[in-house]
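Biologist: I'd like a close look at one small part of this one, and then a walk outwards from there. Here is what we have on screen.
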Amino acid sequence: MKTQSLFEYPCPECGIGKVHTTRVRNYKTKIKGYPFIVDEALIGVCDHRGVEQFAPEETRRWEEQFFRVLEARHAFLSPQEITALRNTLGLSMEDFGRLIGCTRQSISAWEKVDRAASPSWMADLLMKLVRQSLHAGMVDVLRMLLDEAKQWGVVIEIRSRAISPEEREDVALRTKRVRREVPS
Ligand SMILES: [Zn+2]
């Protein structure tokens, strides 16, 4: 990586200072909303007011690092677990892909023992829900998603109040609004 020239330009924020490439150890950031510490980060710092600048190629490297850490911590279903789940369902890669809304190629890539890419976060959560449903029959989806998030350092508080059956479709999350259909 061209570390020296990554950030060397006039500051676009203040227009006065100059941005310099700065190496920061244990840089605290968030990747996809999850807290993460980059062991050695390169950021641009303005010498006037200290405003930080980021470069896409560097933040992409942080994301890759983040996902390697998650893989090492077994955050995602392993290739073997995905294959086992699919076999228990008795599905081909193509049909399993159709079931969870992705391509056969994605399933094939995630089942490779030396896979280069983890499942997307969403696909992983969905496969875990499928697995839980297969084993337990019923799944408290919301509870399971909240527990998964908590495991990775994110506490999502549901702003619940007394919910009448008529407004049950209006469950407000702090960060997101989720709508679901109520069977009539
Ligand atoms: Zn500046």
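Biologist: Is Ala149 buried or exposed, and what is its relative accessible area?

Modeller: Buried: Ala149 has a relative accessible area of 4%, and the cut-off for that label is under 20%. Bear in mind that we're looking at a predicted model. The residue is part of helix α6, which covers residues 141-151. If you skip the neighbours within four places in sequence, Ala149 is in contact with Tyr34, Val154 and Ile156. Tyr34 is the partner to click on, since I can give you two separations for it: 115 residues in sequence, but 8.8 Å in space from C-alpha to C-alpha.

Now step back to the whole chain for a moment. Buried residues like Ala149 make up 33% of the 184 residues in the protein chain. Take the contacts between residues at least 6 apart in sequence, and 46% of them join residues at least 24 apart. The secondary structure comes to 6 helices and 6 strands. Reading from the N terminus, the order is β-β-β-β-α-α-α-α-α-α-β-β.

Tyr34 also gives us a way over to the metal, because strand β3 spans residues 34-46 and holds Cys46. The zinc ion has three protein donors, the SG atoms of Cys11, Cys14 and Cys46, and they sit 2.2 to 2.3 Å from the ion. Along the sequence these donor residues follow the spacing C-x2-C-x31-C. Cys14 belongs to the loop between β1 (9-10) and β2 (18-31), so together with Cys46 in β3 it ties together parts that are 32 residues apart in sequence. The two cysteines fall into separate accessibility classes: Cys14 counts as partly exposed at 26%, while Cys46 counts as buried at 2%.

While you're in that region, have a look at Asn26 in strand β2. Its phi is near 50°, a positive value in a residue other than glycine. Asn26 counts as exposed, with 53% relative accessibility, and the cut-off there is over 50%. His74 has a positive phi as well, near 60°, and again it isn't a glycine. You'll find His74 in the loop between α1 (56-72) and α2. At 46% relative accessibility, His74 counts as partly exposed.

That loop brings us to α2, so let's finish with a helix pair. Helix α2 (residues 79-89) packs with helix α5 (residues 121-136) at an angle of about 45°, and their axes are 11 Å apart. Oblique is therefore the word for how α2 and α5 lie to each other, and their crossing is left-handed. On the α2 side, the residues that meet α5 are Glu81, Ile82, Leu85, Thr88 and Leu89. Facing them from α5 are Met127, Val130, Arg131 and Leu134. Sort the contact of α2 with α5 by class and you get 6 nonpolar, 1 polar and 2 charged residues.

To come back to your starting point: Ala149 is buried, sits in α6, and has Tyr34, Val154 and Ile156 among its contacts.

Methods: Residues are numbered from 1 along each chain as its sequence is written. This is a predicted model: local features need pLDDT of at least 70, side-chain atom pairs count only at pLDDT 80 or more; totals for chains, interfaces and linings use all residues. Side-chain values use heavy atoms; hydrogens and water are left out. Donors are N, O and S atoms within 2.8 Å of the metal (3.2 Å for Na, K and Ca); water is not among the atoms, so sites may look incomplete. Helices (H or I, at least four residues) and strands (E, at least two) are DSSP runs, numbered from the N terminus. Buried means under 20% relative accessible area, exposed over 50%, partly exposed in between (1.4 Å probe, protein chains only). Axes are lines fitted to C-alpha atoms, for helices over the stretch in contact, and angles run from 0 to 180 degrees between N-to-C directions. Angles under 35 degrees count as roughly parallel, over 145 as roughly antiparallel, 65 to 115 as roughly perpendicular and the rest as oblique. A crossing is left-handed if the near helix is turned anticlockwise from the far one by less than a right angle, and right-handed if clockwise. Contact means heavy atoms within 4.5 Å. Ala, Val, Leu, Ile, Met, Phe, Trp, Tyr, Cys and Pro count as nonpolar, Asp, Glu, Lys and Arg as charged, and the others, Gly among them, as polar.
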